[in-house]
Amino acid sequence: MRMYTQALNTAETDDRGLEDAGRAAQFQARIDAEERIEPNDWMPAAYRKTLTRQISQHAHSEIVGMLPEGNWITRAPTLRRKAALLAKVQDECGHGLYLYAAAETLGASREELVDAMLAGKAKYSSIFNYPTLTWADIGTIGWLVDGAAIMNQIPLCRCSYGPYARAMIRVCKEESFHQRQGYEIMLTLCRGSDEQKAMAQDALNRWWWPVLMMFGPPDATSQHSDTSTKWKIKRFSNDELRQKFVDATVPQAQYLGLTIPDPGMTQDAEGHWRYSEIDWTEFKQVLAGNGPCNRDRMAARRKAHEEGAWVREAAAAYAAKRARRQTAQAAE
Ligand code: FAQ
């Protein structure tokens with residue numbers, strides 16, 4: 001369903017043979033002047049392509065990201081925890097929907113974007129390929145995964161592409177609630193029994209390194225960073241955001257009385273926490289589909305997509321019926 005693209009210029013009409021040096025220079029001048037690019041504005045085909053890639057992968061991450069936490073909704077320890085977790089998981093679904101809508105303004109249909117993910121051609125965040133073994137994992141996801149997401153997404157509120165930047169504003173507000181609910185779960189566990197504190201430490205041990213990988217490969221090997229920085233899609237590099245996240249998180253772990261599983265970590269003269277080498281082989285393995293839960297996640301999404309086919313068909317049939325009725329009424 002091409003809900004948002006009907007009134008927009010298509011890639012064929014606005015990119016056709018017009019990508020000359022003059023237009024590209026004008027486009028870059030608009031970016032440099034901090035102007036927002038909107039769906040009907042001329043844009044280089046590569047800008048459209050990289051944004052469609054990033055926004056759709058971001059959307060897939062939100063949707064696949066519902067699975068690890070969804071696994072704990074029926075097992076949350078109290079009614080209050082259950083209500084908050086349910087609301088958080090629903091928020092993630094909403095984020096996926098705003099992001100698909102933002103990607104559609106670039107001319108791709110929702111169907112083709114989702115199909116690319118289900119076919120394994122489009123990525124989603126590596127972090128959602130790890131299992132949630134205990135209740136402390138739910139606290140850790142809110143604290144660290146949402147914490148990392150906020151660090152990455154606050155600058156995206158100033159991204160050069162209008163629909164993406166605007167979607168990020170609401171997403172970030174909701175993520176900050178998620179981060180606090182996660183931290184509060186951790187605080188409760190850390191102030192609880194020895195077993196509860198050990199459970200919190202174990203979750204931190206398992207999630208720390210995968211969370212650092214969320215920010216993407218090191219700058220030296222990040223293939224899209226140069227162009228995305230030039231186009232002000234990215235305002236900070238992968239390593240810069242990773243460092244900001246580590247610096248913000250160390251005092252939070254200290255307050256909880258938890259130990260970050262990196263004995264080599266030291267604070268430099270400027271106050272930055274220097275962490276040890278990340279195991280990029282693990283990251284590559286997860287991206288290649290060999291993480292602990294990749295197969296389960298893809299199977300769950302394919303099943304949900306197949307089981308939801310009748311809902312999409314019913315919605316499309318109803319939309320067609322309404323459109324026919326409106327045309328008939330307009331003709332009266
Ligand atoms: N996982 O050249 P770069 C959330 C890929 S938060 C998988 O550096 P770029 C909230 C990258 O796509 C998580 N793939 O790429 C939530 C590229 O491959 P490609 C989602 C990764 O785009 C919380 C290749 O590696 N957030 O969902 C990862 O300049 C709790 C080379 O990398 C976003 O998507 C990774 N970690 O920078 C939900 C934020 N890192 O596309 C539920 C928006 C890199 O050529 C529960 N995205 N790759 O096949 C971004 O800011 C950027 O895309 C980066 C990567 C920073 C992720």
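1. Which residue has a backbone N or O atom that lies 3.2 Å from a nitrogen atom of the ligand? In this predicted model, that residue is Met214. A backbone N or O atom of Ser126 likewise lies 2.8 Å from a nitrogen atom of the ligand, while a polar backbone atom of Gln223 is placed 3.0 Å from an oxygen atom of the ligand. Taken alone, the ligand exposes 1,100 Å², and the protein buries 92% of that area.

2. On the site itself, the ligand sits in the largest pocket. Around the ligand there are 35 residues, of which Lys123, Ser126, Ser222, His224 and Lys234 come nearest; Ser126 is thus named here and also for its backbone atom at 2.8 Å from a ligand nitrogen.

3. As to the make-up of the shell around the ligand, its residues divide into 14 polar, 12 nonpolar and nine charged. At least two residues of this shell are supplied by each of the helices α3 (45-64), α5 (79-104), α7 (135-153), α8 (162-190) and α12 (280-290), and the largest share, six residues, comes from α3.

4. Turning to the aromatic residues, the count comes to 10 aromatic pairs. For Phe215 and Phe245 the ring centres are 5.5 Å apart and the planes stand at 45°, an angle that is neither under 30 degrees nor over 60, so the pair is tilted. This pair links distant parts of the chain, with Phe215 in the loop between α9 (194-213) and α10 (225-230) and Phe245 in helix α11 (residues 238-256), the two being 30 residues apart.

Definitions and conventions: Residues numbered from 1 in each chain as written. Predicted model: local features only at pLDDT ≥ 70, side-chain atom pairs only at ≥ 80, totals over all residues. Heavy atoms only, no water. Near = heavy atom within 4 Å. Polar contact = N/O pair within 3.5 Å; in protein donor to acceptor, adjacent residues only side chain to side chain. Areas by Shrake-Rupley, 256 points an atom, 1.4 Å probe, with all protein chains shown as cover. 1 Å grid on protein atoms, 1.4 Å probe; cavity = no way out; pocket = protein on both sides within 12 Å on 5 of 7 lines; lining within 4 Å. Sits in = over half its atoms within 2 Å of the grid points. Helix = DSSP H or I, 4+ residues; strand = E, 2+ residues; numbered from the N terminus. Nonpolar A, V, L, I, M, F, W, Y, C, P; charged D, E, K, R; others polar. Phe/Tyr/Trp six-rings, centres within 6.5 Å; stacked < 30°, edge-to-face > 60°.
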